[in-house]
Amino acid sequence: MTTITFIQPDGRSRSLALADGTSLMQGATGASLDGIVAECGGNAMCATCHVYVDEAWAGRLPPRSDDEDALLDGAAAERLPTSRLSCQITVTPDLDGLVVRLPDRQI
């Protein structure tokens with residue numbers, strides 16, 4: 001299990017132990033975490049699982065695909081340099097301790 005910390009817009013945080021091989025979106029929705037809508041179920045079609053990756057971790061993730069990059073342009077919340085779709089981040093042991101912030105809105 002890999003521990004990922006999700007920080008809500010109001011500063012509350014919740015750390016989740018997620019199974020390796022799942023996506024951040026799957027882990028968050030499976031734990032009923034508020035702030036991840038995931039309307040498309042993780043098919044990279046909606047941007048309602050938008051997160052901001054902590055800057056210290058941003059360079060450790062694989063680059064965005066062209067599809068992810070395009071979807072982030074239409075995200076409901078402001079796109080930042082560290083914006084990612086949580087459905088496109090696969091949990092691995094290398095991500096233990098990853099911190100992501102949730103935007104103020106997803107839809």
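User: What share of the contacts with a separation of 6 or more comes from residues 24 or more positions apart?
Analyst: For the protein chain that share is 63%. Contact here means heavy atoms within 4.5 Å.

User: And what am I looking at, source-wise?
Analyst: This is a predicted model, where local features need pLDDT of at least 70, side-chain atom pairs count only at pLDDT 80 or more, and totals for chains, interfaces and linings use all residues. Residues are numbered from 1 along each chain as its sequence is written, and side-chain values use heavy atoms, with hydrogens and water left out.

User: Ok, which elements does the protein chain have, and in what order?
Analyst: The protein chain has three helices and five strands. Starting at the N terminus, they run β-β-α-β-α-α-β-β. Helices (H or I, at least four residues) and strands (E, at least two) are DSSP runs, numbered from the N terminus.

User: How do the strands line up in the sheet?
Analyst: The order is E2-E1-E5-E3-E4, in an open sheet of five strands with mixed pairing. Two strands count as paired if DSSP finds at least two bridges between them.

User: Why is one side of E2 left without a neighbour in the sheet?
Analyst: Because E2 stands at an edge with a single partner strand, and strand E4 (83-85) does too. The twist averages 35 degrees from one strand to the next. For angles like that, axes are lines fitted to C-alpha atoms (for helices over the stretch in contact), and the angles run from 0 to 180 degrees between N-to-C directions.

User: Walk me through E1. Which way does E2 run against it?
Analyst: Antiparallel: six bridges join E1 to E2 (residues 13-18). One pair to look at is Thr2, whose bridge partner in E2 is Leu18. The two strands make a hairpin with five residues between them, and Gly11 in the turn has a positive phi of about 95 degrees.

User: What about E1 and E5?
Analyst: E1 and E5 (residues 98-101) run parallel, joined by four bridges. Thr5 stands opposite Val99 there. E5 also pairs with E3 (residues 50-53), this time antiparallel through two bridges, and Val53 stands opposite Val100.

User: Is E1 mostly covered or open?
Analyst: Mostly covered: E1 spans residues 2-7, and five of its six residues are buried. Buried means under 20% relative accessible area, exposed over 50%, and partly exposed in between (1.4 Å probe, protein chains only).

User: Right after E1 there's Gln8. Where does it sit, and what does it touch?
Analyst: Gln8 is in the loop between E1 and E2. Gln8 is buried, at 13% relative accessible area. Leaving aside neighbours within four places in sequence, Gln8 is in contact with Leu33, Asp34 and Leu102.

User: Now Leu24. Buried or exposed?
Analyst: Buried, with a relative accessible area of 0%. Leu24 lies in helix H1 (residues 24-30). Beyond neighbours within four places in sequence, Leu24 is in contact with residues including Ile4, Phe6, Leu18, Ile89, Leu98 and Val100.

User: How far is Leu24 from Val53?
Analyst: Their C-alpha atoms are separated by 11 Å, and the two are 29 residues apart along the chain.

User: Switching topic: how many disulfides?
Analyst: The count comes to zero, taking a disulfide as a pair of cysteine sulfur atoms within 2.5 Å. Cys46 is in none, and the nearest cysteine sulfur, that of Cys40, is 3.5 Å away. Cys87 is in none either, with the sulfur of Cys49 nearest at 3.7 Å.

User: How accessible are Cys46 and Cys87?
Analyst: Cys46 is partly exposed, with 23% relative accessible area, while Cys87 is buried at 11%.

User: Last one, the overall numbers. What's the radius of gyration?
Analyst: The protein chain has 12 Å, which agrees with the value near 13 Å for a compact globule of 107 residues. The radius is taken over C-alpha atoms, and the globule rule is 2.2 Å times the number of residues to the power 0.38. Along its principal axes the C-alpha trace spans about 30 × 30 × 25 Å.

User: And the surface?
Analyst: About 5500 Å² is accessible, with 46% of that belonging to carbon and sulfur atoms. Those areas come from the Shrake-Rupley method with a 1.4 Å probe, and for residues only the protein chains shown count as cover. Buried residues make up 42% of the 107 residues.
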